[in-house]
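Q: Please take a close look at a single residue position in this structure and describe its surroundings. Then extend the account, step by step, to the elements that can be connected with it in one continuous description.

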Amino acid sequence: MNLLVSNTFDKTEAAYKSGRYRYIINSGGSRSGKTYSTIQLFITLLLTKKNFKISCYRNLRVDCIDTVMQDAENIINSDRWLQSKFKKNKKDATYTCETTGSVIVFAGTEKIHKALGSQNDIIFLNEISEFSQDVFNQLDQRCRGHVFIDYNPSKEFWVEKYRENDTATFIHSTYKDNIQFLTAGIIAKLESYNPYFPGSTEVIWKTG
């Protein structure tokens, strides 16, 4: 296996391997690689842990399949060896590692009774600003291990209170943490959103 990883991956993996945190929360802007890096980490875990279950959620199942599951498919298809290890079930929206029996599931929370049907070793809540705190609590209490979260920090909402939780860590990333995987055109577009350029502003210090 030869996965190319970003700085965002390295930060996420380090937080997981530290064993200090239940909640690993990635906050970052567009193209920072936060979701992709999390799925890369999950794939490495499925290859080494037997009968392990990871469930990935978005507010709507179709969105989870179109985005998060698509990332998993891209990662697996990037390496011929990985392709030989994983079996896709399109109907159930799963990938199973055939050598370990471990599975990753992609689901939505619009039918919450289905989402709460079984225990998970890890859950991943993608774009958590779409979730109510009640739905989060229901999923959280049914997870045996780690809870991974990501979101775009465009507004403040209830997840911010976890900054005071000793079992939570916040990882902030930008496109610069993922820059080696971005084209020059994408970088130029992202940087065009910044209204400032070197020398365009002046800081004046006032005393007294």
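**Close view of one loop position**

A: Asp92 is partly exposed, because its relative accessible area of 44% falls between the limits of 20% for buried and 50% for exposed residues. The model in which Asp92 is examined is predicted. The residue is placed in the loop that joins strand 3 (86–89) to strand 4 (94–97). Its C-alpha atom is separated by 8.2 Å from that of Phe106, a residue 14 positions away along the chain.

The strand that precedes this loop provides the next point of reference. Lys87 belongs to strand 3, and its relative accessibility of 54% places it in the exposed class, since that class begins over 50%. Lys87 is in contact with Thr94, Tyr95, Thr96 and Glu98, when residues up to four places away in sequence are set aside. Between the C-alpha atoms of Lys87 and Cys97 there are 6.5 Å, for a sequence separation of 10 residues.

The account can now be widened to the whole protein. Its secondary structure consists of seven helices and eight strands. Among contacts in the protein with a separation of 6 or more, 72% join residues that are 24 or more positions apart. Of the 208 residues, 46% are buried. The protein exposes about 11600 Å², and carbon and sulfur atoms supply 49% of this area.

Contacts between distant parts of the chain can be followed at Arg22. This residue is located in the loop between helix 1 and strand 1 (23–28). With a relative accessible area of 22%, Arg22 counts as partly exposed, because the buried class ends under 20%. Apart from neighbours within four places in sequence, Arg22 makes contact with Asp140, Cys143, Arg144, Gly145, His146, Val147 and Thr167. Arg22 and Asp166 are 144 residues apart in sequence, yet their C-alpha atoms are 9.2 Å apart in space.

Asp140, one of the contacts of Arg22, is located in helix 6. Its relative accessible area is 10%, so Asp140 is classed as buried. The contacts of Asp140 beyond four places in sequence are Arg22, Tyr23, Ile123 and Val147. Val147 thus appears in the contacts of Arg22 and also in those of Asp140.

Helix 6 (133–140) is preceded by a loop that follows strand 6 (120–126), and Glu127 lies in that loop. Glu127 is not a glycine, yet its phi is positive, at about 55°. Most residues other than glycine have a negative phi. A positive phi also occurs at Asn51, another residue that is not glycine, with a value near 50°. Asn51 is situated in the loop between helix 2 and strand 2 (53–58). Its relative accessibility is 62%, which means that Asn51 is exposed.

From Asn51 the description passes to helix 2 and its packing partners. Two packed helices are described by the angle between their axes and the distance between the axes. Helix 1 (residues 7–18) packs with helix 2 at an angle of about 50°, and their axes are 9 Å apart. The two helices are therefore oblique to each other, and helix 1 passes helix 2 in a right-handed crossing. On the side of helix 1, the contact involves Thr8, Phe9, Thr12, Glu13 and Tyr16; these meet Lys34, Ser37, Thr38, Gln40, Leu41 and Leu45 in helix 2. By class, this contact has four nonpolar, five polar and two charged residues.

Helix 2 (residues 34–48) also packs with helix 3 (residues 61–77), here at an angle of about 60° and with an axis separation of 9 Å. That angle makes helix 2 oblique to helix 3. The crossing of helix 2 and helix 3 is right-handed. Thr35, Tyr36, Ile39, Gln40 and Ile43 of helix 2 meet Val68, Asp71, Ala72, Asn74, Ile75 and Ile76 of helix 3. The residues of this contact divide into seven nonpolar, three polar and one charged. Gln40 is named in the contact of helix 2 with helix 1 and again in the contact of helix 2 with helix 3.

Methods
Residues numbered from 1 in each chain as written. Predicted model: local features only at pLDDT ≥ 70, side-chain atom pairs only at ≥ 80, totals over all residues. Heavy atoms only, no water. Axes fitted to C-alpha atoms, helices over the stretch in contact; angles between N-to-C directions. Helix = DSSP H or I, 4+ residues; strand = E, 2+ residues; numbered from the N terminus. Parallel < 35°, antiparallel > 145°, perpendicular 65-115°, else oblique. Left-handed = near helix turned anticlockwise from the far one by under 90°. Contact = heavy atoms within 4.5 Å. Nonpolar A, V, L, I, M, F, W, Y, C, P; charged D, E, K, R; others polar. Buried < 20%, exposed > 50% of the residue type's maximum accessible area, 1.4 Å probe, protein only. Areas by Shrake-Rupley, 256 points an atom, 1.4 Å probe, with all protein chains shown as cover.
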